[in-house]
Amino acid sequence: MPGHQGPPHPGGPPPYGGYDQGFRPPPPPPRGAPGGQARSHPATAPGLSAVPFQRRTAVVRIIGLVGIAVVSGLVWMMFQSGEGPKSSSGSPTPSSASQVPAGEFEFTPSTQAPAPRRDAECASHAYGQAKDFFTKTPCEELIRALYTTTAAAGGAKVHTSVAVVRMKSAADATALMELTNRDGTGNVNDLVKDGAVKVDGITTLGGGGYASTLSDRDVVIVESDTAKADNTGAGHTDLMRRISADALRLAAGLG
């Protein structure tokens, strides 16, 4: 017995063999796709990658970011190891911390001592009470340099000794500073007094101008003088003291 037939389908014959079953018809298949299956990506030619273009782009970007991170890490490690930027000659560019500030006089390293001299102890390079002090309270390092300038009257050459005495503690450095600043207590030998540099007419720079300063564990001691034949004039000692005070800044290039 045939089932109940509904009213005629408006606008044309009903789907599904002429009967209106009350269900919506299925959507038509996508245009151009056989068998009713839509193609999400274009066909891949033989020999080409089937990875979607968007995915390949994302992979390339990730590889690029990783490369940048690796290069940045190598640059950071280079600076951490002290191999900073170099000058055109290939030698390391000095850091701003080692730059000597400008001052009143122009100093030139002595030709006999172009590089600072470093010693691991101080007692054998000192005299007077300072020698006894170093015997009981050893220093950590002694750095000495010799400079010249032509600031004296008549263009006479001035020899300036700069010594950095590095103690093992700030308290030891303070005690040394208090001792050497008193007259007649001795001091560290300048390079002329120590015999490392020979200068005609000078056996020591201790008879000229003196200046000193304290910085944490470092005591900077400066002495300046000319040859005995040029030690004339009432203002000689004052000028040597002024030169020595200005030369304190040279210690920034020795540490």
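These legends describe close-up views of a predicted model of one protein chain.

**Figure 1. The whole chain contains five helices and eight strands.**
Read from the N terminus, the elements follow the order α-α-β-β-β-α-β-β-α-β-β-β-α. The chain has 255 residues, and 32% of them count as buried. Its accessible surface is about 16,400 Å², and carbon and sulfur atoms contribute 58% of that area. Among contacts in the chain with a separation of 6 or more, 65% are between residues 24 or more positions apart.

**Figure 2. Strand E5 is largely enclosed by the rest of the structure, since nine of its nine residues are buried.**
Val158, Thr160, Val162, Val164 and Arg166 point one way from the strand. His159, Ser161, Ala163 and Val165 point the other way, and the residues of both sets are buried.

**Figure 3. Strand E5 pairs with strands E4 and E8.**
E4 and E5 are antiparallel and are joined by nine bridges. At one position, leucine 142 lies opposite valine 165 of E5. E5 and E8 also run antiparallel, with eight bridges between them. One of the positions to look for is alanine 163, whose bridge partner in E8 is isoleucine 221.

**Figure 4. Helix H5 covers residues 236–247 and has the length expected of a helix of 12 residues.**
At 1.5 Å a residue, H5 should span 16 Å, and the C-alpha atoms at its ends are 16 Å apart, so the two values agree. The buried residues of this helix are His236, Leu239, Met240, Ile243, Ser244, Asp246 and Ala247. They lie on the same side of H5, because they cover an arc of only 165° around the axis. Their cover includes strand E4 (141–149), strand E5 (158–166), strand E7 (209–215) and strand E8 (218–225).

**Figure 5. Alanine 245 is a residue of helix H5.**
Is alanine 245 buried or partly exposed? Its relative accessibility is 42%, so alanine 245 counts as partly exposed; the buried class requires a value under 20% and the exposed class a value over 50%. Alanine 245 and glutamate 104 are 141 residues apart in sequence. In space, the distance between the C-alpha atoms of alanine 245 and glutamate 104 is 9.8 Å.

**Figure 6. Helix H3 (residues 129–136) has buried residues and, on its other side, exposed ones.**
The buried residues of H3 are Ala130, Phe133 and Phe134. Because they cover an arc of only 95° around the axis, they are on the same side of H3. Thr135 and Lys136, on the other side of the helix, are exposed. The elements that cover the buried residues of H3 include strand E3 (126–127), E5, helix H4 (170–180) and strand E6 (187–188).

**Figure 7. Phenylalanine 133 and phenylalanine 134 form an edge-to-face pair.**
A pair of aromatic rings is described by the distance of the centres and the angle of the planes. The count of aromatic pairs comes to one. In this pair, the ring centres of phenylalanine 133 and phenylalanine 134 are 5.7 Å apart and the planes are at 75°, so the pair is edge-to-face; the angle required for this label is over 60 degrees. Phenylalanine 133 has a relative accessibility of 15% and therefore counts as buried. Phenylalanine 134 has a relative accessibility of 3%, so it counts as buried.

Technical notes. Residues are numbered from 1 along each chain as its sequence is written. This is a predicted model: local features need pLDDT of at least 70, side-chain atom pairs count only at pLDDT 80 or more; totals for chains, interfaces and linings use all residues. Side-chain values use heavy atoms; hydrogens and water are left out. Helices (H or I, at least four residues) and strands (E, at least two) are DSSP runs, numbered from the N terminus. The expected span of a helix is 1.5 Å times one less than its number of residues. Buried means under 20% relative accessible area, exposed over 50%, partly exposed in between (1.4 Å probe, protein chains only). The arc is that of the directions from the helix axis to the C-beta atoms. Contact means heavy atoms within 4.5 Å. Two strands pair if DSSP finds at least two bridges between them. Accessible areas come from the Shrake-Rupley method with a 1.4 Å probe; for residues, only the protein chains shown count as cover. Rings of Phe, Tyr and Trp (its six-membered ring) pair if their centres lie within 6.5 Å; planes under 30 degrees apart count as stacked, over 60 as edge-to-face and the rest as tilted.
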